[in-house]
Amino acid sequence: MNQDLKITDFYQSEYEKQRGNLAGSELGWLKVQREQAIKNFSENGFPSPREEEWRYTNVRPIERKQFTSVADITSTVDEALLRGHRLESADSLVFIDGQFSAERSDLPQLPEGAVVKNMADALASHSELLEAKLGRALHDESHGFLDFNSAFFSDGLFIYLPKNSALSKPLQLLFVSTKQDVAQLSTIRNLLVIEEGASVELIETWVGEAGHCYLNAAVTEVLAGENSSIKMTKLQAESNKSYHFGGTYVKQAKHSIFNHQSFSFGGALVRNDLHTGLRTAADVTLDGLFLVGGRQHVDNHTRISHTQPHATSREQYKGILSDKARGVFQGRVIVQEGAQKTNSEMNNHNLLLSDNAEIDAKPQLEIYADDVKCAHGVTVGQLDDESIFFLQSRGIDSERAKNMLTFAFANEQVEKIELADLKLLVQEQLLKQFPQEGIEKEWL
Amino acid sequence: MLKVENLHASVDDKEIIKGISLYIKPGEVHAIMGPNGSGKSTLSNVLAGRDGYETPEGEVLFNAKDLLEMAPEVRAQEGLFLAFQYPVEIPGVSNIYLLKAALNAARQARGLDALDAMDFLTYVKSKTKMLKMDEKFLYRSVNEGFSGGEKKRNEILQMAVLEPKLCILDEVDSGLDIDALKIVSEGINSLRSPERSFVLITHYQRLLDYIKPDFIHVLADGKIVKSGGPELALELEKEGYGWIEEAAKA
């Protein structure tokens, strides 16, 4: 408790120091929002395992450190790291330690009336639009990281796509954390406003220099208009000493399609929130893969709310845990009273490669309508002995056989990626997590 | 090629194989027949090195080397091949990758260089052509969603690619209709050679209509109770296994 007090005091004073320099600090409406947020955060602090939605993830290691954002970035960026994660096929916005880097970004050609900007600039140029939309996807959300992000966010992406418009290429967000003398804090807020019939493909890539300790606390809001189509991929391959909170909150209007793929490989403590609310005949597909070892902890918290009839949701997450790693999968599907003819399917399969690894898998179906089709399945297991023997009987030693089977289990999720160079990038990241025996690049 | 001498094998302290001797020369085809529970599958599993079997007595020499001392992958690298009764499905691993990894493991064990992607592809396509298989097969995940017949054909393809010295086919006829059985048998026959030996393990005589063995051994209650030429199969077909089991008990 004492520690809580201290850390909230610390961030209160950080806020007071920074508030004049925060993005959009001249905007009265934003100031009100930020002041309210820091007030809430000061009262409640970071989420506690006493909260049901945070039961399996204790963020104490984050509370024990004092993260601070260095306003003046003088550090050198590992350009090779940046290059290694950049997609040829996509336009890009690059953020270094939470600040937009215009010279490293390739901004897209815009259709008429569209906006694609970094958040800090957008607050200056599109204040009215942002005042109307910012925070709209967060109405039924509340926890400490959201307040924390609302108080401190420094930059991020703002997209506005008008009716029936589309970007000509996918858009990549590259978030790079560099080596700093202090425990660096980056607070990113993204907002996607995709109007009726518009479509976009967005790739979030989170990377950091190995061995470096920092905190990313990011919030992404998505407002998906009627008949819009949104595809997002999140690749989190950060330093194994870093901390990551990334929450994506989606509001899906009628007949909209939202497709999300999540790949979590890095970080000491990672929490991904992915929540969506579905109106009539909206469609959502969530696919995820988390692969962690050592003492890593990764928590995937998903929530799909069917609020109106005829919507469909499909979700598959796979987890692979080795050493003393700990994984959490919470998959909550809520079918509200009016959401008849809901069609929902959720499954989560986990592979425990060590006796000391742990997974807490919690599927949660809450159904208040009577004419629905909902299925869910969760498995936790080891590699299949019969499959290992089969490979051995073909001359492949057991170590290679296990690597092959583990890679195959994971690769099924990667195979779902359509964009060729993105698939390759994710596979490269996946391969890095494997002992190389038995896995060949040519397999890909 | 293979010398099995007074082999005993047990599972969980229960003796299943109670002293089997078997001598197989290069190029020979031996059929091992017998009723359910006679120890047929145990024999193939012990030879291939599956976990969970004890062999307190007897020895097995494969090309003059102690087979029972070898890890399963070493047995395979030495040229032993087991075609599974129930081939496993491995989602996410393509056939072509499995074949390449298996072939190169064997080549490296013999001190040869691994084949590169192009050479391997030429080689493996010559095998699919020989077995009249669609090349699309190569790019599917191992046995995933395959029919019973496709799974068995896939085993034969692996055999063709690995070019083993001794092939043990465990109930290769199970779950096959007559057309599939013909196709699989044709594949096996095309792989017969003066250097390569086969052990066909089967419950039914009908497989032997398609693959002619040189010798037939009848297994009952963990022992070979009768050995003979191909004519023994006809006798079994007529008489069933009843008299054999009686004889084993006596």
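**Group meeting talk: cavities, rings and salt bridges**

Let's start with a hole: the second largest cavity holds about 60 Å³ of space. Before going on, a word on ground rules. This is a predicted model, where local features need pLDDT of at least 70, side-chain atom pairs count only at pLDDT 80 or more, and totals for chains, interfaces and linings use all residues. Residues are numbered from 1 along each chain as its sequence is written, chains are lettered from A and ligands numbered from 1 in the order written, and side-chain values use heavy atoms, with hydrogens and water left out.

What do I mean by a cavity? On a 1 Å grid over the protein atoms alone, it's a set of points where a 1.4 Å probe fits but cannot get out, and lining residues have an atom within 4 Å of a point. The volume is the space filled by probe spheres set on those points, which are joined across faces, edges and corners.

So who lines that second largest cavity? Chain A gives A:Ser393, A:Arg394 and A:Gly395, and from chain B there are residues including B:Phe81, B:Arg110 and B:Pro164. Both α2 (72-77) and β6 (80-83) of chain B supply at least two lining residues each; helices here are DSSP runs of H or I with at least four residues, strands are runs of E with at least two, and both are numbered from the N terminus.

How many cavities of 30 Å³ or more are there? The count is 3. The largest has about 70 Å³ of space. Its lining is made of 13 residues, with A:Lys234, A:His260, A:Asn272, A:Asp273 and A:Leu274 nearest the centre.

Next, rings. Phe, Tyr and Trp rings (the six-membered one for Trp) pair if their centres lie within 6.5 Å; under 30 degrees between planes is stacked, over 60 is edge-to-face, and the rest are tilted. Across all chains there are 23 aromatic pairs. One of them is A:Tyr15 with A:Phe152, edge-to-face, at 6.1 Å between centres and 85° between planes. A:Tyr15 is in helix α1 (residues 2-18) of chain A and A:Phe152 in helix α7 (residues 144-152) of chain A, so this pair ties together parts 137 residues apart in sequence. Both A:Tyr15 and A:Phe152 are buried, where buried is under 20% relative accessible area, exposed is over 50%, and partly exposed is in between (1.4 Å probe, protein chains only). They also belong to a cluster linked by ring pairs, with A:Trp54 and A:Phe245 among the other members.

On to charges. A salt bridge is a side-chain nitrogen of Lys or Arg within 4 Å of a carboxyl oxygen of Asp or Glu, and there are 35 over all chains. In helix α1 of chain A, A:Glu14 and A:Lys17 sit 3 residues apart, about one turn, and their side chains meet at 3.0 Å, N to O. Buried or exposed? A:Glu14 is buried at 5% relative accessibility, while A:Lys17 is exposed at 60%.

A:Lys362 and A:Glu52 form another bridge, with the closest N and O atoms 2.5 Å apart. A:Lys362 lies in strand β18 (residues 358-367) of chain A and A:Glu52 in the loop between α2 (28-44) and α3 (60-63) of chain A, so they tie together parts 310 residues apart in sequence. A:Lys362 is buried at 14%, and A:Glu52 is partly exposed at 38%. Add A:Arg55, and A:Glu52, A:Arg55 and A:Lys362 make a salt-bridge network.

Methods:
On a 1 Å grid over the protein atoms alone, a cavity is a set of points where a 1.4 Å probe fits but cannot get out, and a pocket is an open set with protein on both sides within 12 Å along at least five of seven lines; lining residues have an atom within 4 Å of a point.
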